[in-house]
Amino acid sequence: MRRVRAALAVATGLSLMAIPVMAVSSGSGGMGGGVPSGGLSSPEGPQYDPAVEYQQGTADLSAGRYRNAVDDFNHVIDVTPKDADAWLMLGMSKSGAGDVKGAEKAYERSVKLDGSSIAAHRELALSLIKLKQPDKANAELTALQARATTCASTCHEAADLDAAIAAIKAAMAPGAAPSAANDAPSALSLATPKAGDGAYVQAVSLINERRWDEALAALDKAQLALGPHPDILTYKGYVWRRKGDWTRATSYYTQALAIAPNHRGATEYFGELKVIEGDMAGARALLAKLDSTCAFGCAEAEELRLWIDHGGDPAA
């Protein structure tokens, strides 16, 4: 594996699309070819820039502009319907706007897409309490308690699990009014652009050290703060590929390419996965795409060509 490096500047406000895309040192699968500062370049691309809409949504949600936030996160979902964080934030926005039933549906979707999300389970439970469905809420609480027992206060999720369990128990207490479903737990309140940028840079370092699970946790934090940026999605695909889950890797690569169809890093890494799967025709099709978008050649095309010629990782 070639070492990768992050060229991501600290994001402020809604400037995510002006952030330089990820770069690599010689020999890795490059992350160049991401979304330029002017927005999506492909005329067939999505109408909305999901990362910008996501950050606008978090700003509107924080400011109490709940109906605006609902629109923002719906725009994100229009482009990336499998983004669990966007569904979570949509639920929080709907709850703030007074649509508790709509919030519950959004949280259910978030949980279905990412069953590991503590925040989504917490918010779903609080919405179910508001909707007077205690049995379902208790099922969410029981699941979180089981995770906390397994964690035994030693895992990185311990504090968030304890906070979620406490919030649900407080809302379930006789005579207690349930907490507002849009009150963000600590993990969400820390999801600032600066924190997201730091998590992203940390993730790149962890990938270079092959600490896959920790890298995924850092990428999750980066995406929660910065939204579905194609660089982040591409790295998630890469890590899942290294963990042996090719289905999840494919999902993230396709999400990245749905946002930025000419993203060179996602195209290269997806092509490498095709080689691993034995789909040489698919790999060659992605190489042809790189050759057509890299008018004067690029490292990503040359690396994928080596993979195809070698029939696998040329460094192996």
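How many aromatic pairs does the structure hold? The answer is five. Keep in mind that this is a predicted model, and let's walk through the ring contacts before turning to a helix and a disulfide.

## Aromatic pairs

Start with tyrosine 238 and tyrosine 269. Their ring centres are 4.9 Å apart and the planes meet at 40°; since that falls between the 30 and 60 degree limits, the pair is tilted. Tyrosine 238 belongs to helix 11 (residues 230–242) and tyrosine 269 to helix 13 (residues 264–277), so this contact ties together parts that are 31 residues apart in sequence. Tyrosine 238 has 4% relative accessibility and therefore counts as buried. Tyrosine 269, at 2%, counts as buried too.

Helix 13 also takes part in another contact, through phenylalanine 270. The ring of phenylalanine 270 has its centre 5.7 Å from that of tyrosine 253, and with planes at 40° this pair is tilted. Tyrosine 253 sits in helix 12 (residues 246–259), so the pair links distant parts of the chain, 17 residues apart. Both tyrosine 253 and phenylalanine 270 are buried.

## A ring cluster and a charge over a ring

Which residues do ring pairs link into a cluster? They are Trp212, Tyr238 and Tyr269, so the tilted tyrosine pair described above belongs to this cluster.

Another tryptophan has a charged partner: arginine 248 lies over the face of tryptophan 240, at 4.3 Å from the ring centre.

## Helix 9

Helix 9 covers residues 193–208, 16 residues in total. At 1.5 Å a residue, a span of 22 Å is expected, and the end C-alpha atoms are 23 Å apart, which agrees. Just after this helix, arginine 210 adopts a positive phi of about 60°.

Which residues of helix 9 are buried? They are Gly196, Asp197, Ala199, Tyr200, Ala203, Val204, Leu206, Ile207 and Asn208. When reading that list, it helps to recall that an α-helix has 3.6 residues a turn, so residues three or four places apart point the same way.

## The disulfide

The count of disulfides comes to one. Cysteine 294 and cysteine 298 form it, with their sulfur atoms 2.1 Å apart, inside the 2.5 Å cut-off. The torsion about the S-S bond is about 70°, so this disulfide is right-handed.

Are the two cysteines buried or exposed? Cysteine 294 has 8% relative accessibility and so counts as buried. Cysteine 298, at 13%, also counts as buried, because the limit is under 20%.

Key
Residues numbered from 1 in each chain as written. Predicted model: local features only at pLDDT ≥ 70, side-chain atom pairs only at ≥ 80, totals over all residues. Heavy atoms only, no water. Helix = DSSP H or I, 4+ residues; strand = E, 2+ residues; numbered from the N terminus. Expected span 1.5 Å × (residues − 1). Buried < 20%, exposed > 50% of the residue type's maximum accessible area, 1.4 Å probe, protein only. Phe/Tyr/Trp six-rings, centres within 6.5 Å; stacked < 30°, edge-to-face > 60°. Lys NZ or Arg CZ within 6 Å of the ring centre and 35° of its normal.
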